Amino acid sequence: MKTLDDFNFKDKKALIRVDFNVPLNENLEVTDTTRIQAAKPTIMKVLEDGGSAVLMSHLGRPKGVEEKYSLKHIVKTITNILGVQVKFVENCVGDAAEKAVAELQNGEILLLENLRFHPEEKAGDKKFAEQLSKLGDIYVNDAFGTAHRAHASTTVIAQFFPENKSFGLLLAREIESLKKVLEESEKPVTAILGGSKVSSKITVIENILDKVDHLIIGGGMSFTFIKALGGKVGNSICEDDKQQLALDILKQAEDKGVKVHLPIDVIAADSFSNDANTQIVDIKNIPDGWEGLDAGPKTNIGFSFVIAQSKTILWNGPVGVFEMEKFAKGTIELGNAIADATADGAFSLVGGGDSVAAVKQFGFADKVSYVSTGGGAMLEMLEGKTLPGIDAILN
Ligand code: AMP
């Protein structure tokens, strides 16, 4: 696999697909700069070699050209983070873009306007990709968040750089971290899956059963398993039509020698609210009118015990409604257990939108081995799929 270090960018223009799809507030200010920070090492490597960087990204889901989705709003933030004045051009293809690139000097950075102002981007249009390809000597993909999409700038463009294409440092780290969990993992391997629904994680579960020793199932999705096993789940979130599926998964796990850990007790609430009355109950016996919104104390001890023995840990999905303070304890204790195991030498990977939000909110981000930046892309890799953006660089 060719990486950025195989290239010297002296006097070269690197055309870098970054993921600057950052959240903006109503004043169009960037509220979370994680994705820009994450792209910095790749951009700086190009500049330090003595080359220049042409950055392309999408922002939001514009329908045609929409002012509020213009990347010009984030130029100041990128400039501050990179410490280099970023130039901007109001189109990502065509004469203006080509002229701006031609004028770009070594050590300079140019940001192109939102790729998705052109519907050809998402359509994976070959002509559009070819137009983009004129804007650099070497193509670098550093956008893990869109690596599962066969868009013009993430996949189709790579064919115009048969020799001169590379993963960026961020994308390379994402791939290596997932490989460490899925292929080169040290045993025992534990996967923790939480979140609201079994249905959205089913393919992930089926794929990782071949790779893990322990599977912890927590959060909203556990109730489908508990009910399928004959438990009473009250008003808890539950996918009745997935009960047979849940039983099939437990059977598959048993056949493969995977130990499945379900919650033992829950914090049950009389309404879906931070002001609700709560009680700790046996997860198989949740009273009518009550719903389980967080893992109970016995569950937390049990999950932590499994995690403490693990050498490789994968975490996707919270084990409670952590957005409400009253129901955050289970997710915090789980994060603490993973942080402790990591300090003891385990490799831990956290990924998927909500667990990433949780590790950041509760301050675990630097206490785990790796926090993945791409929710959907990571889930597809866990499902065992080949991502088109990765494949386009490899082949
Ligand atoms: P997902 O997007 O499937 O990973 O689900 C994440 C969401 O699951 C978070 O917003 C959590 O609040 C929610 N969640 C976790 N546990 C529960 C639960 N016991 N009941 C309802 N929602 C839950």
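Which strand is Thr190 found in? Hold on to that for a second while I say hello, and thanks for coming, everyone. What we have on screen is a predicted model, so please keep that in mind as we go. Now, back to the residue: Thr190 is found in strand E7, which covers residues 189-193.

Is Thr190 buried or exposed? With a relative accessible area of 0%, and with buried meaning under 20%, Thr190 is buried. If we leave aside its neighbours within four places in sequence, Thr190 is in contact with His214 and Ile216 on the one hand, and with Val306, Ser310, Thr312, Ile313 and Leu314 on the other.

Let me zoom out to the domains. The domain assignment splits the protein chain into domain 1, residues 4-172, and domain 2, residues 185-382. Their C-alpha centres lie 36 Å apart. Seven residues of domain 1 are in contact with ten residues of domain 2. The area buried between domain 1 and domain 2 is about 710 Å², and carbon and sulfur atoms give 61% of that. Which three residues supply the most on the domain 1 side? They are Phe144, His148 and Leu170, which supply 67% of the area that domain 1 buries against domain 2, more than any other three residues.

Next, the sheets, starting with the one that has six strands. This is an open sheet with parallel pairing, and the order is E3-E4-E2-E1-E5-E6. Why do E3 and E6 each have one side without a neighbour in the sheet? Strand E3, residues 86-89, and strand E6, residues 165-167, stand at the edges with a single partner strand each, so one side of each is left open in that sense. From one strand to the next, the twist averages 25 degrees.

Let's walk along that sheet. At the E3 end, four bridges join E3 to strand E4, residues 109-112, and the two run parallel. If you want one pair to click on, take Lys87, whose bridge partner in E4 is Leu110. Lying across E3 and E4 is helix H2, residues 75-82, which runs at about 155 degrees to E3.

Then there is strand E1, residues 13-17, which is mostly covered: five of its five residues are buried. Lys13, Leu15 and Arg17 point one way from E1, while Ala14 and Ile16 point the other way. That pattern will look familiar, since in a regular strand the side chains alternate between the two faces of the sheet. And yes, the buried set here includes Lys13 and Arg17. E1 is joined to strand E2, residues 52-56, by five bridges, and they run parallel. Within that pairing, Leu15 has Val54 as its bridge partner in E2.

Now for a second sheet, an open one of three strands in the order E11-E10-E12, with antiparallel pairing. Strand E11, residues 278-282, and strand E12, residues 291-295, stand at the edges; each has a single partner strand, so one side of each has no neighbour in the sheet. Here the twist averages 45 degrees from one strand to the next.

How many bridges join E10 to E11? Strand E10, residues 265-269, is joined to E11 by five bridges, and the two run antiparallel. Asp265 of E10 has Asp282 as its bridge partner in E11. Ala269 is a nice one to select: its bridge partner in E11 is Thr278, and its bridge partner in E12 is Glu291. E10 and E12 also pair in the antiparallel sense, over four bridges.

As for burial, E10 is mostly covered, with five of its five residues buried. Asp265, Ile267 and Ala269 point one way from E10, and Val266 and Ala268 point the other way.

One last topic, the cysteines. How many disulfides does the structure hold? The answer is zero. Cys92 counts as buried, because its relative accessibility is 1% and the cut-off for buried is under 20%. Cys238, by contrast, is partly exposed, with a relative accessible area of 25%.

That's my tour. Thanks for listening, and I'm happy to go back to any part of it.

Note on methods:
Residues numbered from 1 in each chain as written. Predicted model: local features only at pLDDT ≥ 70, side-chain atom pairs only at ≥ 80, totals over all residues. Heavy atoms only, no water. Pairing = 2+ DSSP bridges. Axes fitted to C-alpha atoms, helices over the stretch in contact; angles between N-to-C directions. Contact = heavy atoms within 4.5 Å. Disulfide = S-S within 2.5 Å. Buried < 20%, exposed > 50% of the residue type's maximum accessible area, 1.4 Å probe, protein only. Domains from an automatic or database assignment. Buried area = accessible area lost by both parts, 1.4 Å probe.
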